[in-house]
Amino acid sequence: MASELEPEVQAIDRSLLECSAEETAAKWLQATDLTSEVYQHLAYYVPKIYCRGPNPVPQKEDALVQRILLGPMEWYLCGEDPAFGFAKLEQANKPSHLCGRVFKVGEPTYSCRDCAVDPTCVLCMECFLASVHRDHRYRMTTSGGGGFCDCGDTEAWKVGPHCQKHGPNPSEMEEEEDPLVHLSEDMIARTYNIFAIMFRYAVEILTWEKESELPADLEMAEKRDTYYCMLFNDEVHTYEQVIFTLQKAVNCTQKEAISFATTVDRDGRRSVRYGDFQYCEQAKSVIVRNTSRQTKPLKVQVMHSSIVAHQNFGLKLLSWLGSIIGYSDGLRRILCQVGLQEGPDGENCSLVDRLMLNDSQLWKGARSVYHQLFMSSLLMDLKYKKLFAIRFAKNYERLQSDYVTDDHDREFSVADLSVQIFTVPSLARMLITEENLMTVIMTTFMGHLRPRDAQGRLQFERYTALQAFKFRRVQSLILDLKYVLISKPTEWSEELRQKFLEGFDAFLELLRCMQGMDPITRQVGQHIEMEPEWEAAFTLQMKLTHVISMMQDWCALDEKVLIEAYKRCLAVLAQCHSGFTDSEQPVTLSICGHSVETIRYCVSQEKVSIHLPVSRLLAGLHVLLSKSEAAHKCPELLPLSELSPPMLIEHPLRCFVLCAQVHAGMWRRNGFSLVNQIYYYHNVKCRREMFDKDVVMLQTGVSMMDPNHFLMIMLSRFELYQIFSTPEYGKRFSSETAHKDVVHQNNTLIEEMLYLIIMLVGERFNRGVGQVSATDEIRREIIHQLSIRPMAHSELVKSLPEDENKETGMESVIETVAHFRKPGLTGRGMYELKPECAKEFNLYFYHFSRAEQSKAEEAQRKLKRQNREDTALFAALPPPVLPPFCPLFASLVNILQCDVMLCIMGTILQWAVEHNGYAWSESMLQRVLHLIGMALQEEKQHLENVAEEHVVTFTFSQKISRPGDAPNNSPSILAMLETLQNAPYLELHKDMIRWILKTFNTIKKIRERSSTSPVAETEGSILEEYLRDKDKAERKRKAEIARLRREKIMAQMSEMQRHFIDENRELFQQTLELDASTSTASESSPMVSDLVLTALGPAQTRVPEQRQFVTCILCQEEQEVKVESRAMVLAAFVQRSTVLSKDRRKCVQDPEKYDPLFMHPDLSCGTHTGSCGHVMHAHCWQRYFDSVQAKEQRRQQRLRLHTSYDVENGEFLCPLCERLSNTVIPLLLPPRKIFNRLNFSDQPDLTEWVRTISQQTTALQGLRKEESSPHPASSENPENKEKVRLPEGFRPDFHPKNPYSKSIKEMLRTFGTATYKVGLKVHPNEEDPRVPIVCWGSCAYTIQSLERVLSDEDKPLFGPLPCRLDDCLRSLTRFAAAHWTVSSLSVVQGHFCKLFTSLVPGDSPGELPCILDVDMFHLLVGLVLSFPALQCQDFSGISLGTGDLHIFHLVTMAHIIQILLTSCTEENGMDQEEPPGEEESAALSLYNTLREHTGSALKETPSGWHLCRSIRAGIMPFLKCSALFFHYLNGVPSPPEVQVTGTSHFEHLCNYLCLPSNLIRLFEENSEIMNSLIKSWCHHKEVKRFLAGERDAISYPREPNRLLDLPQDYSNLINQASNFSCPKSGGDKSRAPTLCLVCGALLCSQSYCCQTELDGEDVGACTAHTDSCGCGVGVFLRVRECQVLFLAGKTKGCFYAPPYLDDYGETDQGLRRGNPLHLCAERFQKIQKLWQQHSVTEEIGHAQEANQTLVGIDWQHL
Ligand SMILES: [Zn+2]
Ligand SMILES: [Zn+2]
Ligand SMILES: [Zn+2]
Ligand SMILES: [Zn+2]
Ligand SMILES: [Zn+2]
Ligand SMILES: [Zn+2]
Ligand SMILES: [Zn+2]
C-alpha cells in the first residue's frame, strides 16, 4: 500500500515546498479576518502533511510543519525573521526567578528536610547542587514524571529558596513588575491575535468528538476515503491481552503487535490499521469482540484521517506554544490571559476550563502535553497562578468526580495538579477563605462514600466492586486535604477562623460516619463462615491519621478556634452517644463500701467497634486544652460541665476489653479479620490516632471521676467484678479444676486489666498530659526500642510514627541516647542504647507488643546481670521515675492508693501467698508488684518535692502497712510482701520484692525525718540488716549451686567426647595417617630445596614419588590415586567467560564451524573451570547424579517447580558443600612421568630440534594428504609412499598403549566432552576434533585468570592458595595433559602441526594467524600438551623434557618479538645516564635486527634501558602463567622466594623456568635459526599491515579488566539513567534503566520494547546483553532500584546488595528512604572480586538455595 502512495506523496511534497512562511505571514498581516485566513491555511495544509499512510514519519512531518504551519506564525508574531525576533525577545526578557524545570520519569529530585516547607517541595539536580541545601539533611528520590523544580519559590523554602543560578538580582528588587512593559504595543497585539486563534484551534480539535466529520471551518473540499482504526489505552487490559488481540484483529506479527501495544501504553492511543472505512471497521469489530468477554472491551474508534491529522497538529501546536513562551515572560503572560479569558458562554468556558473539564475524555498523550503547557505557563506566572488556582478550585468537584470514574492513573489526570496549587501556603489560605476549599474537598469526598447504614455510618462490606474501585480512587482527596493543611497559619483572620471551622464541621461529619463502623459480635459455637471486610475502614483510618493530627495542630494555634472546635466535637460525640443508656439496664456495683451506678454491658455478648474517631479527636483536643492552659484562664468558655465522664470512657474502655478478651482467646472463632484489626489498632501507622488516644480518653475521664468508681466500672467491663467483689470467690474458683480454660481466661483478663491501670497512671509522655518537653516523647520511644536490641537507622525509623512531613524527630535526640556502631563488609550500622539510659526503662511501656516486651525484659535483665549494678537487687526492673502530671490530669495518681485498688492488690497477693493451684499467675503478681513500685516511686517523688508546710496527701506507704479490716482480717500488703520474698516458687520476682521493701524503708525514713520517730528508724535498719545477711547467705548458696552444675556439665562433655571417638575411630585413624604422610613429605623436601628448583626440561628437579590418598565424600572410603585404579573425581563447574576480554564486541557467529585452535590475544571468550575441591569416586558420583536426575524429573512433572540448578544441562550441587557444578574432573598423577620413557643424555639443541620436528610434521602432513587423497588405490601405490620421506627413528605407525584404567579413561572423556559442550556452546560430541583444543584452552584460560586475580590483589604467585583452587588447577592441568590419550592420535598430531607451523613456517605456510594474533600462553599450553602425541612415535632419542624446554623457549622468544613489535613504541622522557649494560645493548641489537626485517617501519630506536623495561613488564604475566602451568604439570615445588609477596620475582621465575635472566641471550644462543624465524614472522602480511598503521594489535602487559568506575554520589547515576531513553521505542524513557557493570552499557530492562530473540526465545535486554557481553554471566546495577543484579544464562539470577550506603551504614534497595547514598569501596571491591574470580554463578546458586522465591522469577525477561 505504501508503495502505491509514494509518487502521490512526492507530488504533494513539491507543492508544499513552494509555500513560503514569510509570504504567508505577510498575507496574514494584511488580512481583515485573520481567523478565517489562518483556518483556511490549516484546513488545506494540515491533512496534506500529517497522516499520509499507515505509519507516522515524524522527522519528515516535523520539517514540513515547521516550514508551512509554524513558520508563518513565528514570522507573524515577530513581524520579522523569527531567528532575529526571538533572540531580541530573549535578550529583553527579565526572567522570573523560578526554575520550573518539569521532571522526566526517573529524574532525581531533592528535598531538604531542614528547609522545605513540606516534602513536596523539590529541586532539580542542577539547582540542588548550586543551593545551600546540599550541606543540609536532604532526601533524594526519583521522580515519577510530572511536577517541577521549586527553586526560586519563596513559599516553598524556609531558608535558601534560590540556587545560585536563580538568585534574585539585587539591583531590581521591586516585586511584580508587569512583564508586558518589555514588549511593544504591536507585538502585544500580534501575539494576542495569533495565540488566541491557535490556542482555540488546539482546544477545539483535541476535544472534538465526531469520528468522521471536521468542524465546519476546517472541512476540506475533496475528502478521500482514508480512515484509521485507533486503539486507545485502558488500565484494565494487560499487555498480553492487547498483543494477542491485535495479532488476530489486524493480522500483524507479534513484533508489530508489541510495538503497537507499547505505543498505546505510552501515548494513550495508536492507529493499528489504515485504509478505507470498511477495512478499519472490520478490525474494530474483531478487537471489540475479542476483548469484551470478561471486562469492558478495549476502546477503539474508526477516525477519518483528516481528524487525526488535525489532532496531531493540535498537540504539536501546544508544545510549540510552550516553547515560544520560554523566550519571554511577556509572551507567557499573554498566553495565560488568552487561556483564562472567559469565552462567549460565560462561566467555565475559558480555554483552560474547557481542557480541564474534558480531561478524562482525552487520551494520555494529549493530557500530558497540555498539563506540561499549564505547568510552564499558568503555574510559572505569579498573577495567573492565583487565577488558575481559583478556576481549579471552582471546578474541583467536577474534576475529582471525572477522575474517580476515569480509569487512568492519577499522574495522568489534571486532578493531580492539586499538589502544585494546594501546597503553596498563600494559595491554600486564599482558597480556604475565598472558595471554602476545605468544605469543598470534604463534601466531594463524602459524596462518593455510599452506602451507609441507618445511623449514617459507613458500610464498606456492602460495597459493590465498582463502588470499591471508586473508593480507592477517591482516597486521593484526603491527600488534597493534607496538602491544604500542611502549612499552618501564623495569623488568623476572622474569616479564616470561620471557614476553617466550617471545614472542621464537614470533617467531623466524616468522623461521625466512621464512629462505630464495622461493629463486631463475639462468635460462640462455630467459627465465622466468611471473614468480614475490615481493610477499607482501616485504609481510610490510616489515610486520615495525618489529617486528624493536622486538624488538631491547627486548632492548637488559636485559642478561640480550639475552644469552638472542642465544643463542636463534644456535641457530635454526644449525638453519637444519644440513646447510649436507653437500651441497657442500670446496675449498682459496690466494693469496700464504695458504690456506683452503671449500665449492664458485656463486650463478650454485644456489638463492639474499634472505630471511635470522634472520641479520639476529642481526647486530642482535651490534651491541647490542658496544654494551652485555656482551661485555667477562661473556664467559663468551656463546656466542661457538659462532660459526663462515664460516657467519655465507655467506648474506649470497651476497646481495651475487646483487646484483652482477644488476647485471652475468647474471640478465636471470629477469625483473622479481628486479629488484623487489633494488630493495626496498635500498629505504628495507626496508634497515634487510635490506641494512644484511647489511653488519653480514659485518662481524661478518670481524672474527673472518683477512682474507686472507675475501678469498679472497669472490673465490670472486664467481666471480673464477681471475682473481686466476692471475698471467697478466688478460693471457690481455684477449686473448680474442671474449667482450666476459664481460669486461664480470667487470669489473662486480670493481667490485662492491671496493665491498663499501669498505663493510665504511667503514660505521661504526652505534652498536656504530663509535664514534659517536646522531645521527651520521642526520646522515650527510642530508649524503649533500643532496649529490645540494637537497631539500624531504618528499623528505628520504621518503629516510630512519622508526621505529615515524614519526620520522626529522631535525629534530634538519638545522639543523647545511643552510640552508633559502624557496619562491616556486610550488615549495617547499628544504634546501641547508652547504658545510662537503661534506668528509664519501663517494662510496661505501652507501645511494646507482647513479643517485644518479653525480649526487652530478657535483654535488660541480662544487661543488669552483666553490669552487676546493684549487687543485691541486680535482676529487678523497677518502674522508672516519672514526670509529674499536668494539673488537669493530676488526680490520676490517686488510682494507685484508692480503696478498690488496694483491695485488688491485696487479693492478688493473697492468692500468691496461698498459691494453691492456678487461680493466679506470676505475671499477674509481677504487675501488682510493678504497681506497688509505681506508687512508692510516686510517694517518694511527692515527699522529695514537697514545699515546706504542705502535707503530702499521697500516703500509699501508710495504707499498705495497715492490715485488712474485720471480718476478713487479712494481713497488710507489706506483710504479705515480706512473706512472699522467701517463697521458693517466686525466684524470679525476689529481687523486685526486695527493691520494694527497700524503697518502702527509704520513704519511711524520709517521712520520719520530718516527724522524727526513732523507733521506726531502728526497725528499718534491722530490716535492712536482715536483708543484707539474707543476701549473703543467698549468694553463697547460689555460688555453690553454680559450681556443682559446672562440674556436672564437664563430666557430661568428656563422656560425650569418648563416645564420639569410639564411633568415629576409623576416621580418627585416617586423620592420623594423613598427618603422618604429609610430615614425611615435608621431611623429604630439604633434599629438594637445597638445589635450585627447575620446573621443566632435562634439568627438571626430581621429586620423590608421593603417594596420594583421598577419601570419597559419598562413601567415605579411602583410595590411592593411581594410574590403574578406579577414577576419583572432583566436582567442577565449567563456564564460558569474558572476564579477561579486551574486545567485548566480538562474538562467535556459528559455533558449529568455529575453530578455537588459536586463541586471539584479546582473550575475548575463554572457558573457565572451577571446583570446590570435593573428591568422589567416579562411580559414586555417577550414582548420585542419576538419583538427582530421577528426582528432579519426578518433581518437575508433579509440581513444575524450578530448582537453582538445571539437571538437563548436567548441573548438580556438590553433595557436600552444595556448590553449583556441571561436571567432574578426574584426579591424576603427574602424567609426564608416565610417558617420559626415554631419557638420553645427548639431546639436540634448539636449532637441531626444530629441524627434526619440522621434518616429522612435514612427513605427517604428507601422510595425511595421502590418506585423504581421492583415489583410494593410490595409497597402496608404493611409488607414492616413497615421496613421504620418514625421518630417522620416526614411526608413524606406532600406537602407544593407553596406561589408564577404563574408569579413568571414561572420566577423561566425560570431562573433555563437558568442557567442549560448555566452552563452544554446542551439542556434546565426543568425537569432535575440537574437544582436545577446548580442554587445553580451558587449562590455559583458568591459569591466566588466576594469575590476573593474584596480581590484582598483589598476592605472591605461589602463596598459600585456598585448597580448592590448588586442587582444581592441579587436576585441570594434569587432565589436559592426559586428554590426548583418549583422543585420536592423528587429530592431536594435526593440531600440533598447525600450532608448530604458526611459529616455524613450513614450505606451504597456509592461512595461519600471524604472531600478533596469537595468545602465546595458549599456544604454549597447546604445543606442550599435544607434543606427546608426536613424541610417542619418535624413537630417535629426543626426550619429552627436551621438547617441553625447546617449545617453551621458542614461544618465549616469539612473545618477546610480539612485545617489541607492539609495546615499545611509547617514548619515555627519562634518558639513561649510565652506559648500557650487557642486557640493554643486547636488547638494542635485537631491536635493530627487527627494524631491518620490518624495513624500518618500527619507530626510531628507544633506549636500551627502555626496551629492557618494556620486555620485562610485558612478559611477566606470561612467565607467571608458565610457572604455574609447569608447576602443576610436573609437580616440582615452587621456589620459596616466590611464595611471599615482594618485589618482582623476575630472576627467580627465570631460574624456575630454566631461562637465562637476560632473556635476549636466548636469541644470541640460537641466532642461526632465530634470524630466519624472525624474518618470516615479520613478513606475514598482517604484521606488515600493522606496521603500516592499517590495523591494531594488543599490546603488553594487558591492562587488567575491572568493573566500571562508579561515582561516589549515587544521584549521579540516577541522573545519568534519567537521561537515558529506550533505544528501540524512539526517545521513550526507559522504566528500568540498568547498567552493565562490566562494560558500562545502559540497558532498557524489564520491558517489552527491548525484548530480543535469543536461541528462539524472547528475552529481556539484560539477558540478551549478558549473552553477548559476559558469555552468559552478567553483573548489573538496576539504577532506579539501587540493586545489583547477577544473571547467569537465561534462567538464573539473584539480587545482591548494592555497594552504596547511606550515612547510617545501610543500603537502600528500592530507593525507598531517600537518604543520600555514597559508594562503599570495600563492598564494591567484593562484587568485583566475585566477578573476577568467576564466582557470580556460584553466588546465584547459593542465593537461590537460600531463598526459593528467587527460583520462580522469570529472569530472562529482565
Ligand atoms: Zn531547578
Ligand atoms: Zn535554581
Ligand atoms: Zn536546607
Ligand atoms: Zn565413593
Ligand atoms: Zn563441594
Ligand atoms: Zn526499551
Ligand atoms: Zn556489558
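**Warm-up**

How many helices and strands does the chain have? Also work out what share of the chain is buried.

*Solution.* This is a predicted model, in which local features need pLDDT of at least 70, side-chain atom pairs count only at pLDDT 80 or more, and totals for chains, interfaces and linings use all residues. Residues are numbered from 1 along each chain as its sequence is written, chains are lettered from A and ligands numbered from 1 in the order in which they are written, and side-chain values use heavy atoms, with hydrogens and water left out.

- Step 1: the chain has 66 helices and 25 strands. These are DSSP runs numbered from the N terminus, with helices being H or I of at least four residues and strands E of at least two.
- Step 2: buried residues make up 55% of the 1758 residues. Buried means under 20% relative accessible area, exposed over 50%, and partly exposed in between (1.4 Å probe, protein chains only).
- Step 3: take the contacts (heavy atoms within 4.5 Å) with a separation of 6 or more; 77% of them are between residues 24 or more positions apart.

**Exercise 1: two zinc ions**

Find the donors of the zinc ion (ligand 1) and the zinc ion (ligand 2), and say which residue bridges them.

*Solution.* Donors are N, O and S atoms within 2.8 Å of the metal (3.2 Å for Na, K and Ca); water is not among the atoms, so sites may look incomplete.

- Step 1: for the zinc ion (ligand 1), the protein donors are the SG atoms of Cys99, Cys124, Cys127 and Cys149, 2.2 to 2.4 Å away. Their spacing in sequence is C-x24-C-x2-C-x21-C.
- Step 2: the angles among those four donor atoms are 97 to 126°, and the site of the zinc ion (ligand 1) is tetrahedral. For four donors, that label needs all angles between 85 and 135 degrees.
- Step 3: Cys99 sits in the loop between helix 5 (82-92) and strand 1 (105-112), and Cys124 in the loop between strand 1 and helix 6, so this pair ties together parts 25 residues apart in sequence. Cys124 counts as buried, at 3% relative accessibility.
- Step 4: around the zinc ion (ligand 2) you'll find Cys127 (SG), Cys151 (SG), Cys163 (SG) and His166 (ND1), at 1.9 to 2.3 Å. The pattern here reads C-x23-C-x11-C-x2-H.
- Step 5: the donor angles at the zinc ion (ligand 2) are 103 to 116°, which makes the arrangement tetrahedral.
- Step 6: Cys127 is the bridge, and the two ions lie 4.2 Å apart. Cys127 is in helix 6 (residues 125-129) and Cys163 in the loop between strand 2 (138-144) and helix 7 (185-206), so the pair ties together parts that are 36 residues apart in sequence. Both Cys127 and Cys163 are buried.

**Exercise 2: another zinc ion**

Describe the site of the zinc ion (ligand 5), then decide whether Cys1217 is buried or partly exposed.

*Solution.*

- Step 1: coordination comes from Cys1172 (SG), His1174 (ND1), Cys1214 (SG) and Cys1217 (SG), at 1.9 to 2.3 Å. Along the chain the spacing is C-x1-H-x39-C-x2-C.
- Step 2: His1174 is in strand 13 (residues 1166-1177) and Cys1217 in the loop between strand 14 (1212-1213) and strand 15 (1220-1221), a pair 43 residues apart that links distant parts of the chain.
- Step 3: angles of 106 to 113° make the arrangement tetrahedral.
- Step 4: Cys1217 has a relative accessible area of 28%, so it is partly exposed.
- Step 5: one of the donors, His1174, is also touched by Leu1130. Leu1130 lies in strand 12 (residues 1128-1137) and is buried at 1% relative accessible area.

**Exercise 3: a helix pair**

At what angle do helix 27 and helix 29 pack?

*Solution.*

- Step 1: helix 27 (residues 645-663) and helix 29 (residues 691-703) pack at about 145°, with axes 8 Å apart. Axes are lines fitted to C-alpha atoms, for helices over the stretch in contact, and angles run from 0 to 180 degrees between N-to-C directions.
- Step 2: helix 27 contributes residues including Leu648, Ile649 and Phe656, which meet a set in helix 29 including Phe691, Met697 and Leu698.

**Exercise 4: a buried aspartate**

Where does Asp1444 lie, and which residues does it touch?

*Solution.*

- Step 1: Asp1444 lies in helix 55 (residues 1440-1463).
- Step 2: at 3% relative accessibility, Asp1444 counts as buried.
- Step 3: leaving out residues up to four places away in sequence, Asp1444 touches Leu1096, Arg1232, Val1424 and Phe1427.

Technical notes:
Four donors count as tetrahedral if all angles lie between 85 and 135 degrees; four count as square planar and six as octahedral if opposite donors are over 155 degrees apart and all others between 65 and 115; anything else is irregular.
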